[in-house]
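Hi there,

Here is the structure I said I would pass on to you. Please open it alongside this message, and my notes on what turned up follow below.

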Amino acid sequence: MKMFQRWLGLGAVAAAVILNPLAAQESVPASTEAGATAKTYPRLKIGDVAPEFTVYGPDGKEVKLSDFRGKLVMLDIWATWCGPCVASMPHNSELAEKYAKEGFVILAVCASDSRENYDGWVKRNGDKYKFLTAHDKLGKDWNNSVFNTKYSVTGFPSIFLIGRDGKIAGVTAGGGPGENPHVTRMLAKGGLPIDISHLPPEKTDGPKSIPMIGKTPAMRATGAPASVPMVGMGGGGGGMSAATPVAASKFGSLEPGSHVPDFTVTSADGKSVKLSDFKGKTVIVNFFSNTERGPETYAVTAAAKYAKDDVVLFAVASAVEEAQFKQWVATAKPAYATGWDPSGKAWAENISHMNFGVGMYPAFAVVNKEGNLVGGYIGMGAQNVQRLSLMLLQAGVDVPKEDLPKMFPAATTTAMKGAAPAAAGGAMAPAQRVATLAPGAVAPDFVMHDVNGKEVKLSDFKNKIVILDFWATWCGPCIASFPHTQDIAKKYKDQDVIVLASGTSDTIAKFKEWIPKNSPKYPDMIWTFDPNERGSATFDERASQKHYKVVGIPTQFVIGRDGKIAATIVGNGGKEDARTETALASLGVKVDEAIVTKGKEQLAKSAEEEKARAIKAAADDKNPPPPFRENMANLIAGAPVPDVDLQNEAGELVKLSSYSKGKTVILGIWSAGMPPPPMVELWDKWNANYKDQNVVFLGVGAFGSREEFDKWRTANAGKYSFPLAFDPAGAPSRPAKPMDELTDEEKAAFRKAQSAHMQTVITAKLAGTVTMIPAYIAMNSEGKMLGWSAGFGPPTVNGIGNLLLRAGVKLKPEDMPARVYTAAETKPAAPEARVQTIKIGAMAPDFTTQTLEGKDVKISDFKGKVVILDFWATWCGPCMAAMPHTQEVAAQYKDQGVVTLGSCTSDTRAKFEDWVRRNQEKYPDMIWSHDKEERGDNRASRKLYGVSGIPTQFIIDREGKIVDIVVGYMKGEAILDGALAKAGIKVDPALVEKAKKDLAKRGN
């Protein structure tokens, strides 16, 4: 139904990463030859005697399990090529050192790996860690390894806890940086005095998803329902046993049926090889990192066997150096397509991670002849032979019956038939999320106009590299990005790079006014606009929405000479943003290497943020939060809604009560000249459906001019029957000239006028806030607040349905919400009580936080130093914006004994660790720590310092006294320098004077 199409506004989306436990896998790897029979070994159970083994330490001497009888042993089976194994070692070392006095020993045995690799690892890392290591003498002979035959290991790392009596006390798996909660719980159950109070409740249900990067989720202890393969050697993907593999598995972040992004690798002779080179064929993509082993034998065999059906193997060496790849090619002489991922060992930047969110190897994806994903999985093991066969069958390959498993899961059969399951009970299926067009897709052609009315098409620039930049005249970030985009256009135009600025979501009149006036400043950009203008009947046909699925501007698509999208770049960070140029480099444009390196970091960060948003969205889809809120800033549920002024359709000033008195009202607020069509449709339908129950759906045009409001009314006369009103605050003023031409005084005056105007708009008068639109507010027949929400989509309809039920309205069966929320579920959290900020002149309270390495750090550790105590959080945009300046200040004054401590508050340890690992190199003169109280009332920022907003910086002198407090940061300010001068630091007098002026501008 049209009304259920998602109406997207511009706004930030909070991101959250959810890790789900991974159930144990019953199948184990045996031979990986195609057609081989998998030999299975019995799984160890808690209470079984741990099998004896002999391994060899760094000095070559024998190490036996029985050497540790009477101790509590954590046996960690790992390999040097296993990223999650290595990432878990720092935390394991801390455990070994902390609990050594309890008779606790960690023995990390390197298996399925060569002695040479192990010795190299020991040489590089042996002194770092406090646990014991040893090597399995059988090395690469995994089939005969005791850890395969006796311990039934199916993935690395695998962890066994062996009690003082020599019996198995626990089994888990998985690795990665920081604490593994499954290991922590296992150790506690094994008798170590280890604190588990900070851990979330232990899950008992089955897994919902399998994250492929970051910390690999661990499997539950033996005895849990075993159905989902362990990430690692035993495979990954859907939930199944070895007998019934599911083919249509998600590959990292990519769903089956999705178009697979194109990528480029380098062959042994230095030539570029692309996935798209195999268009029209079924491709088995095998990412591998073990250049001694190479691609899996069964995949090589399958590709050769089905070559007649146009099946090819594309083996990509990942997370290895080019020399290793070339040596492997010279030795193995592969007869199939191969390539080296030029990101080398920088795994976070490599193709499998950036394109698919996969960071473990070997990894497999099957791509059909149309370039879409059939399925994927991770790991080794004989069960994968049948898994690959199923995927090839789904791709249309004629796979003989003897190569298929004896039993097909129902889901696989359905997928092969191309059928989609119907919604239960005839209910409407959930709306699919619309994804912005991604790299690898062909850029759709479309028609634009220039200011002279001439048609311009994307296809006019065939064989050029095009930066397609969607923008609008009302979009501040777009306008701010143009100087940087012009620099790019000028720099690379001699390499056939075209910047096509395609205006969207605005009126033709605005474009024809803005472009002639401003385009001379940007002479190397081509200026056009979409003729499907805002407010027109064809507005939904604009290319940015219909073809490119853009949800926010500016958004740039970097398009190669082959017409395919190489990168999708949302937002623009100005001259510091290197993402676009890095995308150009991937298309063969000569770009400075320093810029490319910087851009790769930024693209990786963007990918991580997008992945986090996707995870959050997926979690919300499974367990959706309430689709409305009861309180809207100052407007509290149950309180009377203010009787604000409106203009009726005739232009007369009226009160809100003239529409609402004695009625249940759903007040819709939208752009004066551009109400969302699906929202208008819903308002019209439900206003008619429930007017007999004294319900009114009122539409209010706001944040625009009366002229725009009347234009829409006239164009849609007779198409709506609900009452319509106009917010008399009208449209905000625009500056007399472009912002970059305004003086500082003119900018300040304009901002002041804008701020004053925003205090008069309808949401400010109703609730003391300005919210994104469209939005709605529900009030009962007594004129009291019920709830509200912003945006429009399926949740909006469910939210309105819930609020009408609360108002006593009897809904039609077809309008009943999918879920009715109780008052307890939607009750707002009690606000934190305000605390008093500590006074300047007070002694700085001492407190303890932990560094990235887990070491305690206190303010008192810096006695005799001047300390900048900077409270921040990873989710805090202003904190991020302030950090480059804080780093500059830290670097400038460190020789005078200034220490900068960035104390992360109101945030999780996981997010702190992730952020610091990715960013600490940018801020080398800052010390990073985390408050384990996180959002608790006892966090130091709140309890000791009375902080109510971040970033907040306390300047502490050498005697431990607070001499100044700096809240927030605006670009170019010198307030922090001036504050340091108060602590006795020698600061340039000009900076001190500027700091005074900056404070005066703030009104301080």
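**An enclosed strand and its partners**

Strand β10, residues 282–288, is largely enclosed by the rest of the structure, because seven of its seven residues are buried. Before going further, please keep in mind that this is a predicted model.

The side chains of β10 alternate: T282, I284, N286 and F288 point one way, V283, V285 and F287 point the other way, and all are buried. What does β10 pair with? One partner is strand β11 (residues 311–317), which runs parallel to β10 and is joined to it by seven bridges. Within that pairing, V285 stands opposite F314 of β11. To get from β10 to β11 the chain passes through helix α5 (residues 297–305), and this β-α-β crossover is right-handed.

Strand β13 (residues 363–367) is also a partner of β10, this time antiparallel, with five bridges between them. V285 appears here again, with A365 as its bridge partner in β13.

**The chain as a whole**

Some overall numbers may help you find your way around. The protein chain has 26 helices and 35 strands. It is 1004 residues long, and 50% of them count as buried. If you take the contacts with a separation of 6 or more, residues 24 or more positions apart account for 71% of them.

**The nonpolar cores**

The largest nonpolar core has 51 residues, and the members that touch the most others are F53, L75, F104, F147 and Y151. Several elements supply at least two residues each to this core, including β3 (72–78), α1 (83–98), β6 (158–162) and α4 (181–189). Which element gives the most to this core? That is β4, with seven residues.

F53 is a good place to centre your view. Leaving out residues up to four places away in sequence, F53 touches V63, K64, L65, L75, L107, V109, V146, F147 and Y151. Apart from this core lies another one, of 48 residues, with L437, V466, L468 and A567 among them.

**A seven-stranded open sheet**

Further along the chain, seven strands form an open sheet with mixed pairing, in the order β30-β29-β33-β32-β31-β34-β35. Its edge strands are β30 (856–858) and β35 (962–967), each of which pairs on one side only. On average, neighbouring strands of this sheet are turned by 35 degrees against each other, direction ignored.

Starting from the β30 edge, β29 (residues 848–851) pairs with β30 in the antiparallel sense over three bridges. Q850 has D856 as its bridge partner in β30. Helix α23 (residues 909–919) packs on the sheet, where it touches β29, β31 (866–872), β32 (898–904) and β33 (926–930). The direction of α23 makes about 160 degrees with that of β33.

β33 itself is mostly covered, with four of its five residues buried. With β29 it pairs in the antiparallel sense over two bridges, and T851 has S929 as its bridge partner in β33. With β32 the arrangement is parallel, over five bridges, and G902 is matched with W928 of β33.

**Cysteines**

How many disulfides does a search of the whole structure find? The search gives one. It links C876 and C879, whose sulfur atoms are 2.3 Å apart. The torsion about their S-S bond is about 85 degrees, so the disulfide is right-handed.

Are the two cysteines of this disulfide, C876 and C879, buried or exposed? C876 is buried, with a relative accessible area of 3%, and C879 is buried as well, at 2% relative accessibility.

Why is C904 not bonded to C879? The closest cysteine sulfur to that of C904 is the one in C879, but it is 8.8 Å away, which is too far for a bond. C904 is buried, with a relative accessible area of 0%. C110 is also buried, and its relative accessible area is 0%.

That is everything I have for now. Happy exploring!

Best wishes

Key
Residues are numbered from 1 along each chain as its sequence is written. This is a predicted model: local features need pLDDT of at least 70, side-chain atom pairs count only at pLDDT 80 or more; totals for chains, interfaces and linings use all residues. Side-chain values use heavy atoms; hydrogens and water are left out. A nonpolar core is a set of buried Ala, Val, Leu, Ile, Met, Phe, Trp, Tyr and Cys residues joined through side-chain atoms within 4.5 Å. Buried means under 20% relative accessible area, exposed over 50%, partly exposed in between (1.4 Å probe, protein chains only). Contact means heavy atoms within 4.5 Å. Two strands pair if DSSP finds at least two bridges between them. Axes are lines fitted to C-alpha atoms, for helices over the stretch in contact, and angles run from 0 to 180 degrees between N-to-C directions. A disulfide is a pair of cysteine sulfur atoms within 2.5 Å. A crossover is right-handed if, with the strands pointing away from the viewer, the path from the first strand over the helix to the second runs clockwise.
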